[in-house]
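Subject: Structure for you to look over

Dear colleague,

I am passing on the structure we spoke about, with some notes on its ligand site and its internal space. Please read them with the structure open beside you.

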Amino acid sequence: MSGSWEEFFATHLPPTDFEDNRSLLKEFCERHDRQGHKIVLVTSGGTTVPLEHNTVRFVDNFSAGKRGAASAEYFLEQGYAVIFMHRQKSLEPFTRHFNGPKLLDMLEIQEQANNTTIRVKQDSVFALAPVLSRYQAAHAAGAILHIAFTTVSEYFWLLRAACEVLAKSGPRALLYLAAAVSDFYIPKDSIPTHKMQSESGAPVIHLHLVPKMLAPLVNLWVPNAFVISFKLETDENLLIPKARAALEKYKHKVVIANMLQTRHQRVVVVTKEANQEIVLTREEVHAGVDIEAPIVEEIIRLHGAHVTSRGAR
Ligand code: PAZ
C-alpha cells in the first residue's frame, strides 16, 4: 500500500531553493495570465531515489528528457508560455540539438597573425541559425521558465507549487506530464546519512510505493486545467489497457501511451472517445523528424476545445 500524499509531504523537506522557485513560478504565471496567454507545464526527464542523505548513490531511470525538451519547443512555437520542469542535466529545449560533440563539430578556428577567431562552418549555419533564432525569440519574450529537480521528492514539491499558481489560469493551463517519475521511494528516516560502506555487508533496500499524485492534482490542485499524463510500458499487451485504466481512475483528459523501445517513433493518444495512433514513417525517423511535432499539434487542438467548452479564450 502507498501512503497518502499529505504524509509524503510531511516527511520530505522541500528542496533548498524551493522558495526562489515558487517566486519565479508566481511571477511567470501572473505575467502570462495578464497577457491572456495559455500556459503549459512540461515535466521532463527522470527522478532519482537517493540511497544516502549525503547522496553518492541513487536509483535512477532511463529517461533522457527528449520528449519534454522537444515538446517545449513546439508549444513555444504555437504561442504558449512554457514552464519547463526538468531533471537537472537532462535534455533542454534548443540546446538538445547540439548535445555532446555536435556543437564543436559545427565550429572552426581561424588563425591570422595574432588574431584567432572562431566561426560557424558554412554548412552548419543552416542547422544552427533557425534554432538560435527560435531560442533568442523565446528568451527575449520571457516565454520559458526553467525549473530543475533531481529527486522524486523535489519533483513533487515543485509540481505542487506549479499547480498552486497554475490553478489561477483555469482551463487555459495545460499540464503535460512527460517526466518518468519513480513509483518507489525510500523514506527519509530509512536511509543513512553518509556513504554506505561495503564493510557493513550488502545493503537490503526496502522501497515504498509513492502515493499517486494524479488524484489530488486532477481533483484538488488544478481542477479546471487540461491534464495529460504519459504511460510507458515494455509489454505491448499492457499499454492501452493501463492507459485507459489511468484515464478512468483519475478522470483527466488524455493519456499518451508509449513503449520504451519505440517511444520516439510511435505513441497512442488515448482519450475517453478514442485511441489515436501517431507514427513516424521510416523516412521521417531517418530524416530526424520529431514525433513531438504531431503530438503537440494534436494536444493543442484538444486543449483549444477544452478552453472553448469552459467558455474561456
Ligand atoms: O525522456 P525520454 O524522451 O527519453 O522518454 C520519454 C518518456 C518515455 C519518459 C515519456 O514519453 C513517458 O512515457 N513518461 C512517463 C513514463 C511513466 O512513468 O510511465
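To begin with the enclosed space, β2 (49-50) and α6 (152-166) each contribute at least two residues to the lining of the largest cavity, and please bear in mind throughout that this is a predicted model. That lining is made up of F8, H12, V49, P50, T151, V152, S153, Y185, I186 and K188, which divide into 6 nonpolar, 3 polar and 1 charged. The largest cavity holds about 70 Å³ of space, and the count of cavities of 30 Å³ or more comes to 1.

The ligand, for its part, sits in the largest pocket, where α3 (66-77) and β11 (226-233) are the elements that give two or more residues to the shell around it. The largest share of that shell, 3 residues, comes from β11, and by character the shell residues divide into 7 nonpolar, 4 polar and 4 charged. Of the 15 residues around the ligand, those that come nearest are S63, G65, L232, N258 and R263.

As for polar contacts, a polar side-chain atom of S63 lies 2.6 Å from an oxygen atom of the ligand, while a polar backbone atom of A64 is 3.0 Å from an oxygen atom of the ligand. A nitrogen atom of the ligand, in turn, is 3.0 Å from a polar backbone atom of A178. Of the 470 Å² of accessible area that the ligand has on its own, the protein covers 90%.

With best wishes

Note on methods. Residues are numbered from 1 along each chain as its sequence is written. This is a predicted model: local features need pLDDT of at least 70, side-chain atom pairs count only at pLDDT 80 or more; totals for chains, interfaces and linings use all residues. Side-chain values use heavy atoms; hydrogens and water are left out. A residue is near a molecule or strand if one of its heavy atoms lies within 4 Å of it. A polar contact is a pair of N or O atoms within 3.5 Å; within protein, one must be able to donate a hydrogen and the other to accept it, and residues adjacent in sequence count only if both atoms are side-chain atoms. Accessible areas come from the Shrake-Rupley method with a 1.4 Å probe; for residues, only the protein chains shown count as cover. On a 1 Å grid over the protein atoms alone, a cavity is a set of points where a 1.4 Å probe fits but cannot get out, and a pocket is an open set with protein on both sides within 12 Å along at least five of seven lines; lining residues have an atom within 4 Å of a point. A molecule sits in a cavity or pocket if more than half of its atoms lie within 2 Å of its grid points. Helices (H or I, at least four residues) and strands (E, at least two) are DSSP runs, numbered from the N terminus. Ala, Val, Leu, Ile, Met, Phe, Trp, Tyr, Cys and Pro count as nonpolar, Asp, Glu, Lys and Arg as charged, and the others, Gly among them, as polar. Grid points are joined across faces, edges and corners, and a volume is the space filled by probe spheres set on the points.
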